[in-house]
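Colleague: I am new to this structure and would like a close look at a single part of it, the packing of the interior. Please take me through that part slowly, and then show me how the rest of the chain is arranged around it.

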Amino acid sequence: MIGQEGAVAMEVVNRHGGLPAGRRRPRSPDFGELRVARLARFAPAYRHLIAGLTSAAPQAEDLAETFPALLFALVTGYGTPARRDRAFQTVLDGGTLKDAAAALDLPLWLRRLPPEAFTGPLPELPSDTGFGMRIANHVPDAVEGAREWLDEVALAAGLGDEAFALWTARQAHQVPASRRGLIFLLIAAWQWYGNQPGTIGYRLIEEAWSAKMGLRRARDEMNKWRQRAELACLIGEGIETSWLEAGHAGGYDFVPLITLDDFLEESQVMHNCLDQYADRLATGMVRIFSIRRNGKPVANVEVGPISRERRRPHIVQLKAARNRRVSATVQAATEEWCDTQALSRLPLQPGPVRAEAHEKARFAFWKPFLEALPAHQRTEVATRVLAGGTPPARRDRSVTPSRHAPL
């Protein structure tokens, strides 16, 4: 809490007594205005801590411009008390910023970030020289987006992969700060699950992250994975009811797709996007059936609400492999199968897909990822992924039978 951080901010001052009066530099008449302007660049919750530290030890004043991260770290309890002592003493003795950062084990590359980038206690970040040299060219110079950039790099580094942290640092500049958060969170999750055999998330990946990928390719692969993840969370252990009865008509079998594996396998065999069907199923307006001949899928049919005009389930889509048109024989068999349904026992539309199990399935899916994060990041990330969040750009928002995506 801020109160505890205030105590941290003053502990080194109390032990060292600030800078001796004889070593304090004279201040110009307009120093007060400069000081106010410097403080105003830090997050409001931390300004009084920074003011307290710099008032007691004026030598630290210049850190607000020369190394804001170091000043912020000293007032928010970064590192151990012993390290804070050594870092602060280095500042009082007029030592170099490099030596002060080394004393605190604070990455020197953070020096280039403006005060606006720091809105909470600093996470642990890679501090070795090699990483610092590689990331230096990607540290944002502008105030705008600096906080978001640091958050994204910290998340990537917190998952224990410096290569991914460097990739994130480089790619983040290509997306406006206002849109970056969830995009890079989901890319981080997709990247992490790609290294976790045995998890559901790993099983859903078609192509794993690579440092050679550009941002567009990574987003495309992440979006495929995300939609599969949404499908896994939506279906859980299986769709509770297929709404329509399975059956046989015109020499074809009509088999409902119920489980996650049903959708994944059908999508692979039929070369369509049934593995991306979470949005459609979540509407509660449709169900999907596989049309098979001698046990082999030949087409898929998406059925929706009972038509008032024809008094039978509405055929929303009917497609062969690779979304091609079906033969007249398959069309006729599907019409016949729909006509065999006992409408008197059916609700007018399919209804929700296991809504009561959705939250449980989502928690089970995301739990391994959340446990891999540093403790200080879990609460915020959990809030976003367990709630489902607003998906990244280019999500298909067509959810009604009249505006549908192809199978």
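Modeller: A good place to begin in this predicted model is Trp-366, which, once its neighbours within four places in sequence are left aside, is in contact with Leu-186, Ala-189, Tyr-193, Trp-225, Cys-233, Val-385 and Leu-386. Trp-366 belongs to the largest nonpolar core, a group of 103 residues, and there it is one of the five members that touch the most other members, together with Leu-106, Trp-149, Leu-281 and Phe-369. The element that gives the most to this core is helix H11, which spans residues 177–193 and supplies 11 residues. Apart from this group there is a second, separate core of 21 residues, and among its members are Phe-254, Phe-289, Ile-315 and Leu-318. In soluble globular proteins, nonpolar side chains tend to be buried together.

Stepping back to the chain that holds these cores, we find 407 residues, of which 51% count as buried, and a secondary structure that comes to 18 helices and 5 strands. Of the contacts in the chain with a separation of 6 or more, 70% are accounted for by residues 24 or more positions apart.

Helix H11 appears again when we turn to the open spaces, since the elements that give two or more residues to the lining of the largest pocket are helix H9 (146–158), H11 and helix H18 (375–386). This largest pocket has a volume of about 650 Å³, and of the 23 residues that line it, Asp-151, Glu-152, Ala-154, Gln-377 and Glu-380 lie nearest its centre. H9 provides the largest share of that lining, with 7 residues, and by class the lining divides into 11 nonpolar, 6 polar and 6 charged residues.

The second largest pocket, with a volume of about 310 Å³, is lined by 15 residues, and those that lie nearest its centre are Lys-98, Leu-108, Trp-109, Ser-127 and Thr-129. Here the elements that give two or more residues to the lining are helix H7 (97–104) and helix H8 (129–135), while the lining as a whole divides into 7 nonpolar, 3 polar and 5 charged residues.

There are also enclosed spaces to consider, for a search of the whole structure finds 2 cavities of 30 Å³ or more. The second largest cavity holds about 40 Å³ of space, and its lining is made up of Arg-35, Arg-38, Leu-39, Ile-50, Thr-54, Glu-61, Ala-64 and Leu-71. Helix H2 (31–40) and helix H3 (44–56) each supply at least two residues of that lining, with H2 giving the most, 3 residues. Sorted by class, the lining of this cavity has 4 nonpolar, 1 polar and 3 charged residues.

A last element that helps to fill in the picture of the interior is helix H6, which covers residues 81–92 and reaches 16 Å from its first C-alpha to its last, close to the 16 Å expected for its 12 residues. The buried residues of H6 are Arg-84, Asp-85, Ala-87, Phe-88, Thr-90, Val-91 and Leu-92, a list in which Arg-84 and Asp-85 stand beside residues such as Phe-88 and Leu-92. After H6 comes Gly-94, whose phi is positive, near 75 degrees.

Methods:
Residues are numbered from 1 along each chain as its sequence is written. This is a predicted model: local features need pLDDT of at least 70, side-chain atom pairs count only at pLDDT 80 or more; totals for chains, interfaces and linings use all residues. Side-chain values use heavy atoms; hydrogens and water are left out. Helices (H or I, at least four residues) and strands (E, at least two) are DSSP runs, numbered from the N terminus. The expected span of a helix is 1.5 Å times one less than its number of residues. Buried means under 20% relative accessible area, exposed over 50%, partly exposed in between (1.4 Å probe, protein chains only). On a 1 Å grid over the protein atoms alone, a cavity is a set of points where a 1.4 Å probe fits but cannot get out, and a pocket is an open set with protein on both sides within 12 Å along at least five of seven lines; lining residues have an atom within 4 Å of a point. Grid points are joined across faces, edges and corners, and a volume is the space filled by probe spheres set on the points. Ala, Val, Leu, Ile, Met, Phe, Trp, Tyr, Cys and Pro count as nonpolar, Asp, Glu, Lys and Arg as charged, and the others, Gly among them, as polar. A nonpolar core is a set of buried Ala, Val, Leu, Ile, Met, Phe, Trp, Tyr and Cys residues joined through side-chain atoms within 4.5 Å. Contact means heavy atoms within 4.5 Å.
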